[in-house]
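Here are my comments on the structure you sent, set out as numbered points. Please read them with the sequence and the coordinates open beside you.

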Amino acid sequence: MDNLTVFTEFLLMDVTASRELQVLQGVLFLVIYLGALMGNLVTVTVIVTDTRLHSPMYFFISNMALLDLSSISAIVPKAGVNSMTCNKTISLAECAAQIFLYSWFVAAEIALLVVMSYDRYMAICHPLHYGLIITPSLCSQATAGSWASGLVYSAVYTGALFRLPFTKTNVIQQYFCDIPQILRISSSDVQHSVFVILAVSVFFVLVCFAFMFVSYVNIFSTVLKIHSVEARSKAISTCTPQLAILLLFLISGLVAAFSPIPKKPSLKNLLTAMFYSMVPPFMNPIIYCLRNREISAALTKMFNRFSELQSKIKKTKT
């Protein structure tokens with residue numbers, strides 16, 4: 001039997017060897033992360049502190065913000081620090097943890113998008129039964145089920161991906177532990193089991209998106225039948241942010257699924273990975289703040305209170 005090298009750490013490859021560009025890349029990563037961190041935390045804070053937003057829809061939105069914050073936190077801080085310090089290595093345990101956490105939050109987000117589409121379907125298509133069906137206990141159970149289903153999927157997927165040692169190479173042509181890259185350097189036995197899991201996952205994801213598609217078709221067909229312009233505008237304003245986020249999530253998922261696995265680092269592959277790992281968590285709070293009237297009003301109210309508090313503090317000091 002030939003001697004095999006079992007790798008316990010991976011080497012992450014940068015697009016450029018220039019020290020200045022690597023630092024610039026790290027600064028860009030951290031700026032995007034801080035923007036996503038602030039946006040999602042503000043969304044959660046506004047929903048929690050404003051009693052007018054204590055409804056099932058905003059409860060789901062706050063959980064979506066927490067998932068977005070968690071998914072980007074699993075990848076970007078480590079990648080940003082690595083770029084700024086020119087550290088290209090990541091341990092096997094860190095890589096497994098990164099994939100486990102990212103898969104967990106993304107899978108939970110898909111499940112929560114299904115729950116949110118059903119919530120809007122009941123609110124608009126069956127408003128008389130909404131309060132009887134969408135109860136606080138059901139909301140809590142559905143949200144906990146979304147988080148739990150993502151956790152189970154991530155545990156099974158990560159366990160299958162890392163169940164055998166890596167002996168081919170330890171070079172990852174990406175700035176983080178990208179799943180296609182890990183799959184590329186894994187053994188053939190691991191690839192076979194992971195592909196089976198992926199096939200089952202794709203089937204369930206397609207079922208989820210089919211359910212969401214049918215829900216939104218029914219929603220907009222019902223909205224078009226509403227005679228009141230004000231009621232129609234209000235119904236559309238509660239659906240369009242979720243639909244925009246769903247489309248952004250779908251586009252980023254398609255980009256991640258159909259992009260070729262890079263064999264060497266390039267600017268195109270860097271931008272592609274940034275698009276599906278950073279753009280949705282960064283853009284989602286912006287979409288909600290711009291397209292949802294209630295959140296925009298609550299946000300304006302919160303900033304006005306903060307400004308008044310600052311003014312009072314200044315007056316007391318003088």
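1. Asp 50 has a relative accessible area of 9% and is therefore classed as buried, the cut-off being under 20%. Please keep in mind for this and every later point that the model is a predicted one. The salt-bridge partner of Asp 50 is Arg 52, and the closest N and O atoms of the two lie 3.1 Å apart. Arg 52, in contrast to that buried acid, is exposed, with a relative accessible area of 54%.

2. How many salt bridges does a search of the whole structure find? The search returns three, and the one between Asp 50 and Arg 52 is joined by the two described in the next points.

3. Lys 78 and Glu 94 form a salt bridge through their side chains, at 3.6 Å from N to O. This pair links distant parts of the chain, since Lys 78 belongs to helix H3 (residues 76-85) and Glu 94 to helix H4 (residues 92-125), with their positions 16 residues apart in sequence. Both ends are partly exposed: the relative accessible area is 26% for Lys 78 and 38% for Glu 94.

4. The side chains of Asp 119 and Arg 120 also meet in a salt bridge, with an N to O distance of 3.0 Å. Are these two residues buried or exposed? Asp 119 and Arg 120 are both buried, whereas the bridge of point 1 joins a buried Asp 50 to an exposed Arg 52.

5. Turning to the strands, S1 (residues 9-12) has a covered face made up of Phe 10 and Leu 12, while Glu 9 and Leu 11 form the uncovered one. This arrangement may be read against the general rule that side chains in a regular strand alternate between the two faces of the sheet.

6. S1 has two pairings to inspect. With strand S2 (residues 89-91) it runs antiparallel, joined by three bridges, and Glu 9 stands opposite Ser 91 there. With strand S3 (residues 171-172) S1 pairs in the parallel sense over two bridges, and here Leu 12 is set opposite Ile 172.

7. Finally, Thr 272 is located in helix H10 (residues 267-291) and is buried, at a relative accessible area of 19%; because the cut-off for buried is under 20%, I would quote the value together with the label. Leaving aside neighbours within four places in sequence, Thr 272 is in contact with Val 255 and Ser 259. Ala 256, which is 16 residues from Thr 272 in sequence, lies 7.5 Å from Thr 272 in space, C-alpha to C-alpha.

Terms used: Residues are numbered from 1 along each chain as its sequence is written. This is a predicted model: local features need pLDDT of at least 70, side-chain atom pairs count only at pLDDT 80 or more; totals for chains, interfaces and linings use all residues. Side-chain values use heavy atoms; hydrogens and water are left out. A salt bridge is a side-chain nitrogen of Lys or Arg within 4 Å of a carboxyl oxygen of Asp or Glu. Buried means under 20% relative accessible area, exposed over 50%, partly exposed in between (1.4 Å probe, protein chains only). Helices (H or I, at least four residues) and strands (E, at least two) are DSSP runs, numbered from the N terminus. Contact means heavy atoms within 4.5 Å. Two strands pair if DSSP finds at least two bridges between them.
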